[in-house]
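Reader: Hi! Could you walk me through the ligand site in this one?
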Amino acid sequence: MNILFLTTAHNSLSQRLLIELTERGHKITVSIADGEAAMLGAVARENPDLIIAPMLKAAIPEEIWSKRVCLIVHPGIMGDRGPSSLDWAIAEGAPRWGVTVLQAAAEMDAGPIWASHEFPLPQVADAKGSLYRNEVTEAAVKGVLEAVEKFESRRFRPVPLDYARPEMRGRLRPTMAQKDRAIDWARDRTDEVVRKLRAADSAPGVLDSIFGLPVFLYGAHNEDRLKGAPGAVIAQRDGAICRATVDGAVWITHLKLKREASHDADRRFAKQGYAYCDAEFRPISGIKLPATQILGPLMRGVPEAVLPVVAELDCRSYREIRYVERDGVGHIYFDFYNGAMSTEQCYRLRDAFLFARSRPTRVIVLQGGKDFFSNGIHLNVIEAADDPAVESWRNINAIDDVVYEILNTMSHIVVASLRGNAGAGGAILALAADKVFARDGVVFNPHYKGMGGLYGSEYWTYVLPRRVGAPRAQELTEACRPMGTDEAKRIGFVDGVFAGDVAGFERQVAAQAASIASRGDFWNLLRDKHERRVNDERAKPLAAYRAEELAKMKVNFFGPDAAYHRARENFVFKGRAPAAKADRSSAPERLSHAV
Ligand code: COA
């Protein structure tokens, strides 16, 4: 069938649906539905057999839905309606939730139902974004595939929305407003604070005030040990801040300064005597950043609560990078928010990797993050830097340094364990490992070009062709399309795919890693790896791959064509960049000095 996606963003869910439906022989066209005219134009152009809206914030015009079947993916149980479904489910601690595929009609979310699938909600709520990328996506895939089959059968009659039916347990809910989300630091207990924050993460965030700054809060983690006056900022760690609650504390990893707040902030700092702030500290509003980067000098005097990557914890706390040893295998978990890796995070990861390599184990597993294995360099931190071109350069070199160490590991077999999606340099990072395993359903975007023609580094010109061959490497990097696990396995991008939820997948990878570590011929494995590396090095040194890639990246970052800078700005501000943003890029004449 010819299927048209009308979607507000071609996000992880719509990419996954595209992959699943394409694998089943359907032809999918994706149209970003930013307005009625765009939707009408796309339908007239494509004349589709079926329209699917994987994630649509606007209403489909009557002219379309009255003539064609339009299936809406709604992240709620049957009968649920409204734009804040997941927010309410998390905030109110619903034990189960679901996804319903319903037909577009005059009233939003009130059309007849084609399919619905439920799942248990974790007792300790996940962030909304995490739920969306995991449970919701799985249920949506099931629901859409079922609805498409029913549509093809031409016999199915969708079930009307009728609240008299017992299965219609949902109801119409309003948009969740900031007043519904507000935290009362003098009253809310830690679990309640975390729940509120997670119900709003990744968007819109909970609006709050820290040191008088109006900020949205993201990335909540329970803290069981640290204590202080409710609401006070009592510690910092790896860019996150810890705020006391009435019965404990909560870590908040990211903040976004409310738009137009920067000038107020400047005035406020000046009043507080931060004479240098105008010159050196100017937080940018509208970008989600590590919390301490937003707060800058206001964090002076707040103690660092250092937590080594190996420390064993008998309570809840927050740690971005964690090292655990089991059965002769060292596992490195690096759960960076949104999978984005800043210069500092890359160097922390490299240190953790070098530590893992210093251990008398045989296998190292790169576990990445739960939602994203990695999405490459940190575009938000780069955007907020005084000189984004220089920061891009620092960041790409830092991630290259991580990849370099993985590639040059001669004491261990390295395994990449992709529990979540991976994009750009983050997808390539995984290929530096000797074995790559992915969870069924993970989406890969192993390309850079979409970011303003970025050439990319991370030694991709070495690791990608070595796995999939030069022609396929060329196709993957040029076509800029998402790839599913079936294709990834078929073309050798990954070595194995295991089904199951994140925990089940982790167990299967751990078993694989342990079996490699205990193999009788382990030393032969390692010798073969050495030989391959030495032969490859003789054919072309790693340094040459890096130098060639970085020469191209230098032009992207510092050259006269600002396409990458524009694309990054557009990505970071989601197409809503402030009108008059100061030019903070390196002037070309400073280039040689800057790098
Ligand atoms: N730096 C900073 N933030 C990033 C990021 C990066 N490299 N990659 C993703 N994010 C953020 C997004 O801004 C979004 O933030 P929000 O939800 O908090 O607002 C969040 O991660 C999820 O991203 P989204 O694009 O919605 O996820 P997706 O699963 O639909 O798409 C990608 C994943 C990887 C295709 C897409 O995020 C992307 O193109 N990222 C940029 C990758 C890149 O160019 N990296 C630099 C070159 S190495």
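Reader: What lies 2.9 Å from a nitrogen atom of the ligand?
Author: A backbone N or O atom of Leu 379 does. That is a polar contact, meaning a pair of N or O atoms within 3.5 Å. This is a predicted model, where local features need pLDDT of at least 70 and side-chain atom pairs count only at 80 or more, while totals for chains, interfaces and linings use all residues. Residues are numbered from 1 along each chain as its sequence is written, and side-chain values use heavy atoms, leaving out hydrogens and water.

Reader: Cool. Which side chains have a polar atom by a ligand oxygen?
Author: Asn 338 has one at 2.9 Å from an oxygen atom of the ligand, and Lys 574 has one at 2.8 Å from a ligand oxygen. The protein buries 85% of the 860 Å² that the ligand exposes when taken alone (Shrake-Rupley areas, 1.4 Å probe).

Reader: How many residues surround the ligand?
Author: There are 24 (each with a heavy atom within 4 Å), and Ser 12, Lys 288, Asn 338, Ile 377 and Lys 574 are the closest.

Reader: And why is the ligand between two domains?
Author: Because domain 1 (2-153) and domain 3 (321-572) both give residues to its shell. The domain bounds come from an automatic or database assignment.

Reader: New topic: what comes just before Lys 574?
Author: Helix α21 (a DSSP run of H or I, at least four residues) is followed by Lys 574, whose phi is positive, near 50°. Among the residues of α21 that are buried are Tyr 564, His 565 and Arg 568 (under 20% relative accessible area, 1.4 Å probe, protein chains only).

Definitions and conventions
Buried means under 20% relative accessible area, exposed over 50%, partly exposed in between (1.4 Å probe, protein chains only). Helices (H or I, at least four residues) and strands (E, at least two) are DSSP runs, numbered from the N terminus. A polar contact is a pair of N or O atoms within 3.5 Å; within protein, one must be able to donate a hydrogen and the other to accept it, and residues adjacent in sequence count only if both atoms are side-chain atoms.
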